[in-house]
Structure formats: C-alpha cells, structure tokens
Amino acid sequence: MSDAAPSPAEVLAAAERALAAPPTGVAPTRPGGRRRTSLWRAFFRKPSTYIYLGILALMVLASFVGPAFAGDPVATAYQKLLPPSGELLLGTDHLGRDYLARVLQGGQVSLLVGVSVAVLCMTLGLVIGGLAGFFGGFADIVLVRVAEFFQVLPALVLALVSAALFGANEVVIIVILSITMWPAVARIVRAESMRIEQLGYVESARAAGFRALRILWSDVLPNAMPPVIVATTMTVGRAILVESALSYLGVGDSNRPSWGALLNSAQGYLTTGWWLALFPGLCIFVVVLAVNMLGDSLNDSLNPSIGKVK
Amino acid sequence: MRAALWHYGKLLLSSLVLFLVVLTVLFFLLQLAPGDPVDSLIGDNPVSDEFRAQVMAAYGLDRPLGEQYVIYILNVFQGNLGLSFGTSQSVSELILGRIGNTLAIALPAFVISTIGGLVIGAIAARTRSKLLDGGISGAAVALFSVPNFWLGILLIMLFSVTLHWLPTQGKAPYGQEGIYLQYLILPVITMASTELAYKARIMRSSMIEALGQDFVDTARSKGISRRDVLWRHAVPNALLPMVTVSGYSLGFALAGSVVVEKVFGWPGMGLLMIDAINRNNNQVVLGVAIVITLSVIVINILTDVVYGIVDPRLRARFSGKGRTA
C-alpha cells in the first residue's frame, strides 16, 4: 500500500514506534561511539534502574535458588488451606502443600518462558528485520505478510488451537509465542536499518568496498540496538503475561505448574483461601511491572530527544 | 471516486487472501496433529461409528489431501464449521448462540476504554503538573502489567466475596434468562482496564506529538485561544492514530475475552472454546478461532473505512480533488 496515504497499519506502526520510540533526533552513533556510551551511562546513573534490576534479580534468585531452601512443593505434609503464618509464610494450598515452595517453583516456568521467548524474538527480529530493512526484497515481503497474519490471528488464539491439537508443554508454548511475537521486534529493526542505511558512515563503508552483509553486521545492526533492546525487554513482559493467561486457562504444562496454573486452581478457593489467588498474581505483576518500567526507563535514556514538548 | 474504489477493492482482496492463509494454516495444523485425522477432529472420545462415518464424509477424509483442503475451505465459506462431537450439533450454531454474550461484554468495554483512554491520555499530555502526568503514566504502566485475569479475580475477591455487592459468576441469577446489569459490571471493567491503559499511552504520545507540530504554533501565533488550539487543532490530529489503535484493539479484545469469560464464568464464545479444549473437541476450537479471525479481519476493514472518512487527506484523495502526492 505504498501508493496510499498512510494506511492504518502504517499509522499503527508509527504509533507503536512512538511508544518504543527509536531515536529519531539522535545523532548517528558509531559502534562504541561517545554518544552511545553516554546514553548507557545515563541509564546506569539512574537509581531507579537498580531498583528494577534488583527486583528482577531477586525474583530470579528466589525462583531458581529459593526452592533448595524451601519445603517440598509436592508433599502434602500439612493441614489443608492453612493461612500464611510465621512458620509457613504463604500458608498451604487445598491439598496441604507448602504454598511458598509452590510459588517459588512456579516462577521457574514463567521466567524461563519470558526470557526464552524474548531472546528468540530478538534473534529472529534482528535477522529478518535487518535483511528486510537493508535489502528489501523477499525478506521484506515475508516480514510484512507474517506481521499481517499475526495481526488477525492473535497469539493467544493460535496458542490455544495448538495446545488443543498438540498438547501443551513449555517448549510448544515458547515456540508458539516466539513465532507470534517476533514481528514486533523485526518491524523496529527494519525501520532502524532503513534509517541507518541512509547515513553517511554506511555510505563510506560501501565506498570503502565492504561487503553488504559485513556492513549490515558491523555498522547497521549495532546502531539499531537501542530500540531493539527496549522492544526485547518489553517482550519478556508480554510473553510472561500470555504464558500466565494460557496456564490460567488450563493449557499449560501440568507437570510444572507456573504462576498462571496456580491461579487456575486458586479460583476455586476465593472464599476460603485468599492467599492462594493473591501471591502468584502478585509475583507476575511485580516481574512484569519491573520489566516494563525498565524498558520505559531505558527508552527514555536512549531517546533523550523524545521529551514532552511544551 | 475511482481512487476510493481501487483502495477498498484492494483492501477487500488482501483481506480475503489473509483469511484464506489463516484457514490454510489451521488446516495444516490439523493435518500435523498427531494421531488419526478423524480422532483429531472429534477428540479421543467414544463416538458411534455412524458419527465417525459422518465426519469422514463431511470432510472427505478418504480423499486426497488437496481435495480435502478444498472441501474444508468451501465448507467454511458456506458457514459450515463442522459438527461438535457427541451432541453432533453444528459448530456454527453453537458459536452463534454464544457470540451475543461475548459482544455484550466486549462492546461496552470497547466504548469505555476508548473514551477513557482518549480523555486520560489527553489530560496527561496537556497537564503542566508533573505529578499528574507521572501519576497517569505510572498507573497506565501498572495496569498494563497486571495479568488481566488476576485483576478480575481481585475484583471478585473485593466486590463479591468480601463486600457482597456483586455476583461472582455467570450472566444472570440461577434459572434466569438474559443478561443482568450487576453481572455485567465486573467483566466489563476487567476487560476495559488493559485496553484503557494501552489507549491512554497511545493518546498521550500522539497528543504530545501533535502539540509539538508547526501548525500548533501557527494557530497560536494567529491569536487563536489556547483552548481552541487544543480542541480544534491538536486533538483532531492526535485522534487519527487512535482510530487505528482502537480498531485493531477491538479485534484483540475478542481474543482477550476468552480469559475474561473464564474468570467470570461468562457463557460466551471464549468459554465455549475453553470447554472444547478441555474435552478435546477440536472442531469447536477451530471454529471459534476462525470466527475470531474473521471478526478481526472485518473490524480491520471497518477501521480502514472509518479512517478514510476521518482523515481529510484520504478524503480529498478519494474525491479526486486532492493534491496528487
């Protein structure tokens, strides 16, 4: 639709770009250039950065190291539905299992899915988005069409269908969420590559006789990274939310219940065990919030030009 | 006028192609599913041989793959989404019976989140109070990060379990028909909240962008009052992205309704899908997925039409009087 005035899809893309705004007004940066270093420095000078990172580190530690110190998540060793107390910090569930141990274990699935999906999306996004933006042609067509496809078949629906047909486990969920979410990252890489391609230093690299792929790899992609990192960070949050929704709906991996799955069983005990529904949801919320705040703050630091105009 | 016909003709065609692609993907997912194709259609549930034969015939499962594919596509275009196992009810009828209930929560949520997002986003962009802007933006990020279903569960715990103000489940008191308002409140709020946060964020950023444009300065320098500049110049321009965002988000809201319906036991399309997944009733699962996809496509077309009406540049182009870009 290049001949039309901005199509809705383009306007939407522009609006989303404004949210994860690429550095439009920022001077071109060379790899390791002064400007970029100072942008990162600004990010790491903010105290809030350490708060978010600290929260995330704490949640990761609690989920992966914590279970070694907590009780057995599957032993029905206690009375059923004991409220939180000094001895059992999060009480027990409807079968008399230590709920703290279950919540800690639940974090493993949620965090693993979130990070794996984000890494896969970033990889796919960099490769396909970079090729699409830099060379156009086939990669560009694939990107546009696939992005369109997932605009009409939402991730959640496709995941539900696949879970129904193939059964759900962590790998299936990670693959499906990555397949549905990569276009968001790729679109940003594409826009950035197209912008950077016009810049003087790419031209001089061309004039110096470097091969196109080498220019893409060592000049274009490194300079496209800031908005990509922001988008990848946000993907972690979105993936955790969709995974938790899936396992809440009962299509997650039943062997290792994630936070969403815990909420699924908690809903039957809203009157008798409020803590069952409170804590897993709080964990999801805290992790996703920290990730999103980190992404927002990163975005602000890397795009100093996007401020409030008054 | 011809430009408009051309534009919408192309749009309809590409939407049709997109729909065909989705159907194709679903068809091949069904083929890839492990086990006997009949089993993957009817689930591993005991069914009569008669029903098995009926399914085989309806989908031509004894015929070559290409032929099966054509039959599948033609069936969908005739509104035939297959039969639900066990009851042998038509999937289309099952979905038609539920779709009204889904719309009953999706549409009010759409209206509330759009108006709310507009107003709140505009206020955040306009205000000189850092506290207010920061507060709104912070609340939006928080709302954005809450799992939708957990928010619903919290609302149930507060308003239903603790305060006893509102019912927890369903759409009407036991044994009653129709939809009761007090049953509608919590699902609509739950569904509207995330959307509202998203729309407020978009509105804020597009409003800030509009306020920074040259035409705002021009209008101001012509002596137009602050308020008129805001409402007549900045807001209309900031609204354009909102049209698109709202349209697209309505489609996604339909997918999100699956989760909300599960939280509140709301008997819509989404709950139908979840029940079908639990019973391995794949025909119903695919049917709902197809209906959601089709709704998203139709909504996207409508969004494009509305956009053409709202955007003066497109309007001018379509009437043939505009500058040719």
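Q: How many helices and strands are there in chain A?
A: It helps to start with the terms: helices (H or I, at least four residues) and strands (E, at least two) are DSSP runs, numbered from the N terminus. By that rule, chain A holds twelve helices and zero strands. Reading along its sequence gives the pattern α-α-α-α-α-α-α-α-α-α-α-α. Before we go on, please note that this is a predicted model, in which local features need pLDDT of at least 70 and side-chain atom pairs count only at pLDDT 80 or more, while totals for chains, interfaces and linings use all residues. Residues are numbered from 1 along each chain as its sequence is written, and chains are lettered from A and ligands numbered from 1 in the order in which they are written.

Q: And how many helices and strands does chain B have?
A: Chain B has 13 helices and zero strands. Taken along the principal axes, its C-alpha atoms fill a box of roughly 80 × 60 × 35 Å.

Q: What share of each chain is buried?
A: A residue is buried if 20 or more other C-beta atoms lie within 10 Å of its own, exposed if 12 or fewer, and partly exposed in between, with C-beta atoms placed from the backbone. In chain A, 48% of the 310 residues are buried. In chain B, 44% of the 325 residues count as buried.

Q: How do I read contacts between residues that are far apart in sequence, and what percentage do they make up in each chain?
A: Two residues are in contact if their C-beta atoms, placed from the backbone, lie within 7 Å. Take the contacts in chain A with a separation of 6 or more: residues 24 or more positions apart account for 72% of them. The corresponding value for chain B is 71%.

Q: Which domains is chain B divided into?
A: Domain bounds come from an automatic or database domain assignment. Chain B is divided into domain 1 (2–77) and domain 2 (91–319), and the C-alpha centres of these two domains lie 31 Å apart.

Q: At what angle do helices α8 and α10 of chain A pack?
A: Two packed helices are described by the angle between their axes and the distance between the axes. Axes are lines fitted to C-alpha atoms, for helices over the stretch in contact, and angles run from 0 to 180 degrees between N-to-C directions. Here α8(A), residues 170–197, packs against α10(A), residues 212–248, at about 155°, with the axes 9 Å apart. These two helices are therefore roughly antiparallel, a label given to angles over 145 degrees, whereas those under 35 are roughly parallel, 65 to 115 roughly perpendicular and the rest oblique.

Q: Is the crossing of α8(A) and α10(A) left-handed or right-handed?
A: A crossing is left-handed if the near helix is turned anticlockwise from the far one by less than a right angle, and right-handed if clockwise. The crossing of α8(A) and α10(A) is right-handed. The residues of their contact divide into 16 nonpolar, four polar and four charged; Ala, Val, Leu, Ile, Met, Phe, Trp, Tyr, Cys and Pro count as nonpolar, Asp, Glu, Lys and Arg as charged, and the others, Gly among them, as polar.

Q: Which residues of α1(B) meet α12(B)?
A: Among them are L11(B), F19(B), V22(B) and L30(B), and the α12(B) side includes L286(B), I290(B), I297(B) and D304(B). The axes of α1(B), residues 2–32, and α12(B), residues 282–310, come within 11 Å and cross at roughly 165°. The pair is therefore roughly antiparallel, and its crossing is right-handed.

Q: How many residues does each chain give to the contact between chains A and B?
A: Chain B gives 60 residues and chain A gives 48. On the side of chain B that touches chain A, the elements giving two or more residues include α1, α6 (130–145) and α11 (269–278). This side has 41 nonpolar, twelve polar and seven charged residues.

Q: Is H164(B) buried or exposed?
A: H164(B) counts as exposed because it has 9 C-beta neighbours inside 10 Å. It lies in the loop between α7 (148–162) and α8 (181–211) of chain B. Most residues other than glycine have a negative phi. H164(B) has a positive phi of about 55° although it is not a glycine.

Q: What does V263(B) touch?
A: Not counting residues up to four places away in sequence, V263(B) touches F149(B), G152(B), I153(B) and T190(B). V263(B) sits in helix α10 of chain B and counts as buried because it has 25 C-beta neighbours inside 10 Å.
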